[in-house]
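Trainee: I have a new protein model open and would like to talk it through with you. Could we take the whole chain to begin with and then some single residues?

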Amino acid sequence: ILHDRTTAQIEAIRTGKEPPGWHNPGLTVSEHVLNTRYELGLEQDKPGAPYRAYITKLQVEFGYTRLDVYVASDYRKGTCEYNQILKHEMEHVGIHAATYREYKRRLREALAAPGRLPTRKNPLHVRDPAQAQVQVDRQVKGITTPLYDRFNAELVRAQARIDTPANYKAVQKRCKNWKR
């Protein structure tokens, strides 16, 4: 939780458009990553025969590299305004956590589903190792990329549900004489 920027400085970080005259004293900024690495096993019965290609090791890095919560330094810690801004931003953090857990589960299930990726028992049959690399890349990305795209889209939708002018007004009504 960062409390070292003014409302104006926080607004400069934002990438979205705010309604005219609206000032945003809080912000949650996230960055996440999805990377995959794998090792291929290749077997061939005799020279010139097709290869049997399969994944021997698959590593998936799916996680957050940044999750920063900003509350404007215009609001003293412990004040009603500070607490309400922080509460709203922590709702954003909760959305990130819940969405991440759900898509981590979906990703794990999709990658482990029988027949989705080549195994020693169910290998790809290819003419050369380069062809194996291309096909396995396509298969892995065919599973991970659509899920990661849905994860990003779900984050945007879920965050937008709480970032509405009506919700912001409700947050401000919880404090008497909200400092603007």
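Mentor: Gladly! Let us begin with a definition: the radius of gyration here is taken over C-alpha atoms, and the globule rule is 2.2 Å times the number of residues to the power 0.38. Keep in mind that this is a predicted model.

Trainee: Thanks! What radius of gyration does the protein chain have, set against a compact globule of 180 residues?

Mentor: The rule puts a compact globule of 180 residues near 16 Å. The C-alpha trace spans about 80 × 30 × 25 Å along its principal axes. For the protein chain itself, the radius of gyration is 24 Å.

Trainee: Which pattern do the helices and strands follow along the sequence?

Mentor: There are four helices and three strands to place. Reading along the sequence, you get α-β-β-α-β-α-α.

Trainee: What share of the contacts with a separation of 6 or more comes from residues 24 or more positions apart?

Mentor: A contact here means heavy atoms within 4.5 Å. Among the contacts in the protein chain with a separation of 6 or more, the share from residues 24 or more positions apart is 71%.

Trainee: How far apart do the centres of the positive and negative side chains lie?

Mentor: The protein chain carries 31 positive and 20 negative side chains. Take the centre of each set, and the separation is 4 Å.

Trainee: Now for single residues. Is histidine 92 buried or exposed?

Mentor: Histidine 92 sits in helix H2, which covers residues 80–112. Leaving out residues up to four places away in sequence, histidine 92 touches Thr28, Gln159, Ile162 and Asp163. Its relative accessible area is 5%, and the cut-off is under 20%, so histidine 92 counts as buried.

Trainee: Which side chain makes a polar contact with the side chain of glutamine 159?

Mentor: Glutamine 159 lies in helix H3, residues 129–162, and counts as buried at 11% relative accessibility. Not counting residues up to four places away in sequence, glutamine 159 touches His92, Ile95 and His96. The polar contact, at 3.3 Å, is with the side chain of histidine 96.

Trainee: And which side chain makes a polar contact with the side chain of histidine 92?

Mentor: Look at the side chain of histidine 92 for a polar contact at 3.1 Å. The partner is the side chain of histidine 88.

Trainee: Why does glutamine 44 count as partly exposed?

Mentor: Glutamine 44 belongs to strand S1, residues 26–44. Partly exposed covers the range between the buried cut-off of under 20% and the exposed cut-off of over 50%. Glutamine 44 falls in that range because its relative accessibility is 31%.

Trainee: Which residue has its backbone oxygen 2.8 Å from a polar atom of the side chain of glutamine 44?

Mentor: Not counting residues up to four places away in sequence, glutamine 44 touches Ala49, Pro50, Tyr51 and Arg52. The backbone oxygen 2.8 Å from a polar atom of the glutamine 44 side chain belongs to alanine 49.

Trainee: One last residue: what distance separates the C-alpha atoms of leucine 111 and threonine 145?

Mentor: Leucine 111 is in helix H2 and counts as buried at 16% relative accessibility. Its contacts, leaving aside neighbours within four places in sequence, are Leu58, Val60, Leu117, Ile143 and Thr144. Leucine 111 and threonine 145 are 34 residues apart along the chain, and their C-alpha atoms are separated by 12 Å.

Note on methods
Residues numbered from 1 in each chain as written. Predicted model: local features only at pLDDT ≥ 70, side-chain atom pairs only at ≥ 80, totals over all residues. Heavy atoms only, no water. Helix = DSSP H or I, 4+ residues; strand = E, 2+ residues; numbered from the N terminus. Lys, Arg positive; Asp, Glu negative; His and termini not counted. Charge placed at Lys NZ, Arg CZ, Asp CG, Glu CD. Buried < 20%, exposed > 50% of the residue type's maximum accessible area, 1.4 Å probe, protein only. Polar contact = N/O pair within 3.5 Å; in protein donor to acceptor, adjacent residues only side chain to side chain.
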